[in-house]
Amino acid sequence: MGGPPADATPGDSTTQIPIPPNTSIKGLYNGRGDRIRLTVKTPENEIWMSSNTSTQKLPFGQIEGVLHESIPDHKGYSLVTFTMGNHKVHLYYVPSQYVRNLKNYILGWDPTDTW
């Protein structure tokens with residue numbers, strides 16, 4: 001992974017905006033380096049991570065934490081980690097403008113979250 005894929009959604013670290021409804025965030029990598037797209041399924045309360053060969057569905061209630069950090073040398077993109085007990089799911093090149101909204105979908109709104 002030398003950088004975001006060509007089809008990656010452009011990242012912007014200067015703002016936080018909602019993920020557009022019924023939209024997948026394309027151009028991500030999982031921890032194995034597989035290209036995936038991420039879809040927030042609000043009616044189902046699930047996150048779907050889809051590759052060309054499979055889809056992993058994570059119910060919001062199973063995700064205990066959402067960690068994030070900027071990716072050095074790739075302004076506007078973040079590494080997002082979902083924690084579920086001892087298991088972690090890493091997503092690389094998440095556009096930074098969606099990180100807060102993603103976290104709020106999964107864990108609920110946190111008024112103390114100052115970023």
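# Exercises on strands, salt bridges and a pocket

In this predicted model, S70 stands opposite S78 of strand β6. The exercises start from that pair.

**Exercise 1. Place β6 among its neighbours: state which strands pair with it, in what sense, and over how many bridges.**

Solution. Step 1: take the side of S70. Strand β5, residues 65-70, is antiparallel to β6, and 6 bridges join the two. Between them lie 6 residues, and the two strands form a hairpin.

Step 2: turn to the other end of β6. M84 has H87 in β7 as its bridge partner. β6 and β7 run antiparallel and are joined by 7 bridges. Their hairpin has 2 residues between the strands, and G85 in the turn has a positive phi of about 65°.

Step 3: combine the two. β6 pairs with β5 and with β7, in the antiparallel sense in each case.

**Exercise 2. Determine how many residues of β6 are buried, and sort them by the way they point.**

Solution. Step 1: count. Strand β6 covers residues 77-84, and 8 of its 8 residues are buried.

Step 2: sort. Y77, L79, T81 and T83 point one way. S78, V80, F82 and M84 point the other way.

Step 3: conclude. Residues on either side of β6 are buried, since the two groups together are all classed so.

**Exercise 3. Find the residues other than glycine with a positive phi in two loops, and classify each as buried, partly exposed or exposed.**

Solution. Step 1: recall the background. Most residues other than glycine have a negative phi.

Step 2: take the loop between β2 and β3, where N45 is placed. N45 is not a glycine, yet its phi is positive, about 55°. Its relative accessibility is 43%, and N45 therefore counts as partly exposed.

Step 3: take the loop between β5 and β6, which holds D73. D73 has a positive phi near 70° and is a residue other than glycine. With a relative accessible area of 77%, D73 is exposed.

**Exercise 4. List the salt bridges of the whole structure and describe the surroundings of each partner.**

Solution. Step 1: count. The search of the whole structure gives 2 salt bridges.

Step 2: examine D7 and R35, whose closest N and O atoms are 2.6 Å apart. D7 belongs to the segment before β1 (24-30) and R35 to strand β2 (residues 35-41), so this pair ties together parts 28 residues apart in sequence. D7 is partly exposed at 39% relative accessible area, and R35 is partly exposed at 45%.

Step 3: examine D34 and R32, whose side chains form a salt bridge with an N to O distance of 3.1 Å. D34 is partly exposed, at 30% relative accessibility. R32 is exposed, with a relative accessible area of 70%.

**Exercise 5. Describe the largest pocket by volume, lining and composition.**

Solution. Step 1: give the volume, which is about 260 Å³.

Step 2: look towards the centre. The lining has 16 residues, and N30, R32, D34, M49 and Q56 are the closest to the centre. R32 and D34 are also the partners of the 3.1 Å salt bridge.

Step 3: assign the lining to strands. β3 (46-50), β4 (55-59) and β7 (87-95) supply at least two residues each. β7 has the largest share, with 4 residues.

Step 4: classify the lining. It divides into 10 polar, 3 charged and 3 nonpolar residues.

**Exercise 6. Identify the buried residues of helix α1 and what covers them, then decide whether K103 is buried or exposed.**

Solution. Step 1: list them. In α1, residues 99-107, the buried residues are V99, N101, L102, K103 and I106.

Step 2: compare with helix geometry. An α-helix has 3.6 residues a turn, so residues three or four places apart point the same way.

Step 3: find the cover. The elements over the buried residues of α1 include β2, β3, β5, β6 and β7.

Step 4: classify K103. This residue lies in helix α1. Buried means under 20% relative accessible area, and K103, at 18% relative accessibility, counts as buried.

Step 5: mark the end of the helix. α1 is followed by G108, which has a positive phi near 95°.

Notes. Residues are numbered from 1 along each chain as its sequence is written. This is a predicted model: local features need pLDDT of at least 70, side-chain atom pairs count only at pLDDT 80 or more; totals for chains, interfaces and linings use all residues. Side-chain values use heavy atoms; hydrogens and water are left out. A salt bridge is a side-chain nitrogen of Lys or Arg within 4 Å of a carboxyl oxygen of Asp or Glu. Buried means under 20% relative accessible area, exposed over 50%, partly exposed in between (1.4 Å probe, protein chains only). On a 1 Å grid over the protein atoms alone, a cavity is a set of points where a 1.4 Å probe fits but cannot get out, and a pocket is an open set with protein on both sides within 12 Å along at least five of seven lines; lining residues have an atom within 4 Å of a point. Grid points are joined across faces, edges and corners, and a volume is the space filled by probe spheres set on the points. Ala, Val, Leu, Ile, Met, Phe, Trp, Tyr, Cys and Pro count as nonpolar, Asp, Glu, Lys and Arg as charged, and the others, Gly among them, as polar. Two strands pair if DSSP finds at least two bridges between them. Contact means heavy atoms within 4.5 Å.
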